[in-house]
Amino acid sequence: MLGYIVIESFASPEEINGMRDRMNVLLDGFDCSVTSIFSTKNQKESTDDHFFESADKVSFFFEVVNWLVNVAQVTLDSLVTETKKAFDDEGKLKQSKQLSINKVGHALHEHEPVFKSFCSSGKLLSMLVSLGYKSPAIIQSMYIFKQPGIGGEVVPHQDNSFLYTNPTSCTGLWLALEDATVVNGCLWAIPGSHKNGLVRRFIRDENGVHFDCPSPDYDQKDFVSIEVKAGSLVVIHGDLIHQRLRRRVDHEPLYVSS
């Protein structure tokens, strides 16, 4: 077993266009004109707060590393290793907000009808039941961007580290809204790595949020690319080691994850 399954043509062109069109509307309506820059000292606490506040909202996350920008619910994606940030040292966007967003989440499936319709569709439920789920529940959804000229990679990780249950029960669903290739930022995974179980957990305690142990060192030669066509659904075992590398081109690849 590879630890992932690719289901081609899972989403129709109409569904893909509907999600992309709705996201364009959301971005157009998002006001990022007022920003407040936090100091490095306060960055972690503010980042944690904004991340948790986004659990039941539609929040916007920018590509940012050295500064945390407080706009509605804006925070730093803790897994992203940055190569070029979206904001300058004064906290101003270097380019349009449409080309600066990292992701939108984490409750699109609850508040946005287009996304809710897809996430509650019969075909999605049937697929999950076929995997052994009796009462599947979507607990978060994200619309993720791979932007031109900015942004970094998402380091190797397991979804069960963040969405932990006992016994573990997380399955990731990664829907390509555009052809995803090694050039524009497709998924990469270590086939069969899910068989080794959960490596570490991301926990919340009196010290904030953090991993309970350091990340192992992974050999990049063990990763294989998962290139898919638009509309393909990648079903990911919660213990699969996977990552996203930074994009190499300047056209617009988009995908949605739930």
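What follows walks through the fold, the aromatic contacts, one pocket and a few backbone oddities of a predicted model.

Starting with the overall picture, the protein chain carries five helices and 14 strands. Of its 258 residues, 46% count as buried. Contacts reach a long way along the sequence: among those between residues at least 6 apart, 81% join residues at least 24 apart. Two pairs of residues give a feel for this. Ser-117, in helix 4 (residues 113-119), has its C-alpha 9.4 Å from that of Glu-15, although 102 residues separate the two along the chain. Ser-117 itself is partly exposed, since its relative accessibility is 47%. The other pair is Gly-197 and Gly-238, which are 41 residues apart in sequence and 9.2 Å apart in space, C-alpha to C-alpha. Gly-197 belongs to the loop between strand 8 (187-189) and strand 9 (202-205). With a relative accessible area of 19%, Gly-197 counts as buried, because the cut-off for that label is under 20%. Setting aside neighbours within four places in sequence, Gly-197 is in contact with Gln-158 and Asp-239.

Turning to the rings, the structure holds eight aromatic pairs. One of them is formed by Phe-162 and Phe-211, whose ring centres are 5.6 Å apart and whose planes meet at 75 degrees, so this pair is edge-to-face. Phe-162 sits in the loop between strand 6 (153-157) and strand 7 (171-176), while Phe-211 is in strand 10 (residues 208-211), so the pair ties together parts that are 49 residues apart in sequence. Neither ring's residue is labelled buried: Phe-162 is partly exposed at 27% relative accessible area, and Phe-211 is partly exposed at 23%. Phe-211 also has a charged partner, as Arg-200 lies over the face of its ring at 3.5 Å from the centre. A second arrangement of this kind involves Lys-123, whose charged end sits over the ring of Phe-10, 5.2 Å from the ring centre. Elsewhere, Phe-115, Tyr-143 and Phe-145 make up one aromatic cluster.

On to empty space: the second largest pocket has a volume of about 360 Å³. Its lining comprises 17 residues, and the closest to the pocket centre are Met-1, Leu-131, Thr-171, Ile-236 and His-237. Strand 1 (4-7) and strand 12 (233-237) are the elements that give two or more residues to this lining. Strand 12 supplies the largest share, three residues. In chemical terms, the lining of the second largest pocket splits into nine nonpolar and eight polar residues, with no charged ones.

Finally, the backbone has some features worth a look. A cis peptide bond links Gly-105 to His-106, with omega at about 10 degrees, and His-106 is part of strand 4 (residues 101-106). Another cis peptide bond joins Asn-166 and Pro-167, with an omega of about 5 degrees. Pro-167 is located in the loop between strand 6 and strand 7, which is also where Phe-162 is found. Then there is Ser-9, which shows a positive phi of about 55 degrees despite not being a glycine. Ser-9 lies in the loop between strand 1 and helix 1 (13-29), and its relative accessible area of 62% makes this serine exposed.

Definitions and conventions
Residues are numbered from 1 along each chain as its sequence is written. This is a predicted model: local features need pLDDT of at least 70, side-chain atom pairs count only at pLDDT 80 or more; totals for chains, interfaces and linings use all residues. Side-chain values use heavy atoms; hydrogens and water are left out. On a 1 Å grid over the protein atoms alone, a cavity is a set of points where a 1.4 Å probe fits but cannot get out, and a pocket is an open set with protein on both sides within 12 Å along at least five of seven lines; lining residues have an atom within 4 Å of a point. Grid points are joined across faces, edges and corners, and a volume is the space filled by probe spheres set on the points. Helices (H or I, at least four residues) and strands (E, at least two) are DSSP runs, numbered from the N terminus. Ala, Val, Leu, Ile, Met, Phe, Trp, Tyr, Cys and Pro count as nonpolar, Asp, Glu, Lys and Arg as charged, and the others, Gly among them, as polar. Rings of Phe, Tyr and Trp (its six-membered ring) pair if their centres lie within 6.5 Å; planes under 30 degrees apart count as stacked, over 60 as edge-to-face and the rest as tilted. Buried means under 20% relative accessible area, exposed over 50%, partly exposed in between (1.4 Å probe, protein chains only). A charge sits over a ring if NZ of Lys or CZ of Arg is within 6 Å of the ring centre and within 35 degrees of the ring normal. Contact means heavy atoms within 4.5 Å.
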